[in-house]
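Please look over the sequence and the model below before reading on. The report then takes up a few places in turn.

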Amino acid sequence: MKNRLTKEGYKQIHQKHNPKGTIIVDPEEELPTIGIWLMPNNDKTGMLEDFIRFLVPEDDGKASNFVNWLQALFKE
């Protein structure tokens with residue numbers, strides 16, 4: 001992202017990840033303000049199914065089976 005934003009003319013790009021999200025403002029107000037928040041929760045590493053597993057209680061077999069099915073479906 002940093003390379004793309006630099007190419008578009010943004011100069012003040014934060015070097016550190018902000019778990020609350022990042023807002024980049026052009027001080028000269030020539031470029032639009034950019035907000036960056038990465039799915040699924042901008043803090044944890046992993047894929048979307050990892051985030052879904054985090055939300056599903058461990059004892060919910062039906063939901064766990066569905067997540068496993070989704071994961072297998074997209075790995076094909």
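## A helix and a nonpolar patch

In this predicted model, L73 is part of helix α3, which covers residues 61–75. The relative accessibility of L73 is 38%, so this residue counts as partly exposed, a value that falls between the limits of 20% for buried and 50% for exposed.

L73 also takes part in a nonpolar patch on the surface, where F66, W69, L73 and F74 together make up about 490 Å². Because patches are made of residues with over 30% relative accessible area, the 38% of L73 meets that condition.

## A salt bridge

The count of salt bridges comes to 1. The side chains of E8 and R4 meet in a salt bridge, with a distance of 3.1 Å from N to O, and this lies within the 4 Å that the definition of a salt bridge allows.

Are these two residues buried or exposed? E8 has a relative accessible area of 40% and is therefore partly exposed, whereas R4, with a relative accessible area of 54%, is exposed because that value is over 50%.

## A buried strand residue

T22 belongs to strand β1, which runs over residues 22–24. With a relative accessibility of 15%, T22 counts as buried, because buried means under 20%.

Which residues does T22 touch, if those up to four places away in sequence are not counted? On that basis, the contacts of T22 are H14, I34, G35 and I36.

Key. Residues are numbered from 1 along each chain as its sequence is written. This is a predicted model: local features need pLDDT of at least 70, side-chain atom pairs count only at pLDDT 80 or more; totals for chains, interfaces and linings use all residues. Side-chain values use heavy atoms; hydrogens and water are left out. Patches are made of residues with over 30% relative accessible area and no salt bridge: like charges are joined within 9 Å, nonpolar side chains (Val, Leu, Ile, Met, Phe, Trp, Tyr) within 5 Å. Accessible areas come from the Shrake-Rupley method with a 1.4 Å probe; for residues, only the protein chains shown count as cover. Helices (H or I, at least four residues) and strands (E, at least two) are DSSP runs, numbered from the N terminus. Buried means under 20% relative accessible area, exposed over 50%, partly exposed in between (1.4 Å probe, protein chains only). Contact means heavy atoms within 4.5 Å.
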